[in-house]
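Hi there,

Here is the structure I promised to pass on to you. Have a look at it first, and then read my notes below.

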Amino acid sequence: MDKAFKLEIITPRKVVYSADVVSFSAPGVIGGFQVLYNHAPMLAAIGIGEVKVVDTQSSEFRYATSGGFVDVVRNHVVLLAETAERPEEIDVSRAEASRDRAVKRIHERKPETDLDRARVALARALNRKRLAQRA
C-alpha cells in the first residue's frame, strides 16, 4: 500500500507490534493525535489511554497504554510505551483489584499515602477495564 508507514510499539518487556500501517492514534498528554502517511517529524509524550492502529488490510487494533513517547520521523513511528496491552490480554479481575486498591488509598487519606500515585493507578486500572470490556 502506497500510503503506509512503519509502526513499532515497544515496551520494556518486548516488541508488541511491528508492521506497516495506514493510521496510528495515541492519547497525547496535551491531547490525542493521529499519524498518517508523510506526517511531520514529531516527538510527543503520551498518557494513560487507548492507542488505535489501522493496518494495511484495514484491520483495527487497540491497546491500553499507561504512558510513554512517540517518535515520528520519515514515515517511521516508534511508540516507546510503559505498557501496551490488547483488550483480550487484560486480566479484568486484576484491573478491578487495582481499581479497588487505588480507590481505598484515595479515600483513606493516610498521611503516608501518595495521592498522585493512587490517582494514576486508578486511571490505569479504569483504562484497562474499559478496553477489556470492549473485547
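**What I found**

The chain exposes about 8000 Å², and carbon and sulfur atoms supply 50% of that area. Please keep in mind as you read that this is a predicted model.

Let's begin with the whole chain. Seven strands and two helices make it up, and along the sequence they follow the pattern β-β-β-β-β-β-β-α-α. If you trace the C-alpha atoms, the chain spans about 55 × 30 × 25 Å along its principal axes. There are 135 residues, and 41% of them count as buried. Looking at contacts between residues at least 6 apart in sequence, 51% join residues at least 24 apart.

Next, try finding strand S6, which covers residues 76-81. Which strands does S6 pair with? One is S1 (residues 5-10), which runs parallel to S6 and is joined to it by five bridges. Within S6, His76 stands opposite Lys6. Another is S5, which pairs with S6 in the antiparallel sense over six bridges.

S5 and S6 also form a hairpin, with two residues between them. Arg74 sits in the turn and has a positive phi of about 45 degrees. Asn75 is in the loop between S5 (60-73) and S6 too, and its phi is near 60 degrees, again a positive value in a residue other than glycine. These values caught my eye for a simple reason: most residues other than glycine have a negative phi. Is Asn75 buried or exposed? Neither label fits, because its relative accessibility is 21% and residues count as buried only under 20%; Asn75 is therefore partly exposed.

Asn38 makes a nice companion to look at. You will find Asn38 in the loop between strand S3 (33-35) and strand S4 (42-55). Asn38 has a phi near 65 degrees, which is positive although the residue is not glycine. How accessible is Asn38? Its relative accessibility is 55%, and the cut-off for exposed is over 50%, so Asn38 counts as exposed.

Now turn to the surface. Leu43, Phe69 and Leu80 make a nonpolar patch of about 340 Å². Two of these residues are linked in another way as well: Leu80, in S6, is the bridge partner of Phe69. Leu80 has a relative accessible area of 47%, so it is partly exposed.

One last residue to look up is Asp20, which lies in strand S2 (residues 15-26). Asp20 is partly exposed, because its relative accessible area is 42%. What does Asp20 touch, leaving out residues up to four places away in sequence? Its contacts are Ala4, Phe5, Lys6, Asp55 and Thr56. You have already met Lys6, as the residue opposite His76. There is also a distance you can check for yourself: the C-alpha atoms of Asp20 and Val54 are 9.2 Å apart, while the two residues are 34 places apart along the chain.

If you would like a route through the model, start at the hairpin of S5 and S6, go on to the patch that includes Leu80, and finish at Asp20 in S2.

Enjoy exploring, and write back with any questions!

Best wishes

Methods. Residues are numbered from 1 along each chain as its sequence is written. This is a predicted model: local features need pLDDT of at least 70, side-chain atom pairs count only at pLDDT 80 or more; totals for chains, interfaces and linings use all residues. Side-chain values use heavy atoms; hydrogens and water are left out. Patches are made of residues with over 30% relative accessible area and no salt bridge: like charges are joined within 9 Å, nonpolar side chains (Val, Leu, Ile, Met, Phe, Trp, Tyr) within 5 Å. Accessible areas come from the Shrake-Rupley method with a 1.4 Å probe; for residues, only the protein chains shown count as cover. A salt bridge is a side-chain nitrogen of Lys or Arg within 4 Å of a carboxyl oxygen of Asp or Glu. Helices (H or I, at least four residues) and strands (E, at least two) are DSSP runs, numbered from the N terminus. Buried means under 20% relative accessible area, exposed over 50%, partly exposed in between (1.4 Å probe, protein chains only). Contact means heavy atoms within 4.5 Å. Two strands pair if DSSP finds at least two bridges between them.
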